[in-house]
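User: Please take a close look at one part of this structure, the nonpolar patch on its surface. I would like to know which residues make the patch and where they lie in the chain.

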Amino acid sequence: HNGSEGRVQRSSIEGTYTFGGGYRLDASYSTSSARSMYASATNDDGKAWVFAPLVLMNRNVEARFSSPGEQRLRWSLGVNHFSAEELGSAAGIASATAIGGVAAYAPPAVLTGQYRNVNTGGFGTISYDILQNLTLDLEGRYQSDSLISGYKSLTPATLEDKAFLPRVILN
């Protein structure tokens with residue numbers, strides 16, 4: 001016997017404010033979570049079950065300030081922050097009694113599959129119309145990434161990276 005149940009929730013808010021002269025500020029915030037439970041019978045009479053819960057959560061925040069789009073020279077600067085967590089577990093055991101089928105749940109002693117990912121970045125673009133149908137774009141993004149595995153355990157493992165990515169486009 002197998003079964004699963006899950007719930008997903010997502011919310012977001014976005015906004016734009018245009019200043020005098022056509023300058024714009026765009027901002028957004030979003031969050032989501034997914035929760036699921038998987039259950040499986042471990043014997044033929046269905047009186048012992050294995051439960052494996054999983055929780056995923058993430059958040060994203062972004063803000064961008066831009067020059068007017070009608071100018072020959074245009075620019076945009078922004079920041080972004082993203083974080084995600086996963087809390088999974090090894091199976092917990094629930095046993096049903098012979099009378100009434102009442103379950104007693106024994107949760108797992110150690111959570112597995114735990115991680116936390118955090119990404120923070122800044123980005124910018126400068127666009128210049130060389131000719132009516134030829135544009136030069138100079139772009140760059142600096143970001144810092146951190147991935148922590150087992151972050152709620154006694155021995156978490158961390159991987160960190162910082163990088164700058166430039167890009168030049170002639171279109």
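**The nonpolar surface patch**

Analyst: In this predicted model, Leu131 lies in strand S7. Leu131 is one of the residues that make a nonpolar surface patch of about 740 Å². The other members are Leu73, Ile126, Tyr128, Ile130, Leu138, Val168 and Leu170. Two elements give two or more residues to this patch: strand S7, which spans residues 115-131, and strand S9, which spans residues 157-170. Of the elements, S7 gives the most, with 4 residues.

The patch may now be placed within the whole protein. The protein has 9 strands and 0 helices, and its pattern along the sequence reads β-β-β-β-β-β-β-β-β. Its accessible surface comes to about 11500 Å², and carbon and sulfur atoms account for 59% of that surface. Of the 171 residues, 23% count as buried. Among contacts between residues at least 6 apart in sequence, 57% join residues at least 24 apart.

A residue from another strand may be set beside the patch. Ser11 lies in strand S1, which covers residues 2-18. Ser11 has a relative accessible area of 36%, so it is classed as partly exposed, a term for values between 20% and 50%. Leaving aside residues up to four places away in sequence, Ser11 touches Tyr29, Ser30 and Thr31. Ser11 and Ser32 are 21 residues apart in sequence, and their C-alpha atoms are 6.3 Å apart in space.

Notes:
Residues are numbered from 1 along each chain as its sequence is written. This is a predicted model: local features need pLDDT of at least 70, side-chain atom pairs count only at pLDDT 80 or more; totals for chains, interfaces and linings use all residues. Side-chain values use heavy atoms; hydrogens and water are left out. Patches are made of residues with over 30% relative accessible area and no salt bridge: like charges are joined within 9 Å, nonpolar side chains (Val, Leu, Ile, Met, Phe, Trp, Tyr) within 5 Å. Accessible areas come from the Shrake-Rupley method with a 1.4 Å probe; for residues, only the protein chains shown count as cover. A salt bridge is a side-chain nitrogen of Lys or Arg within 4 Å of a carboxyl oxygen of Asp or Glu. Buried means under 20% relative accessible area, exposed over 50%, partly exposed in between (1.4 Å probe, protein chains only). Contact means heavy atoms within 4.5 Å.
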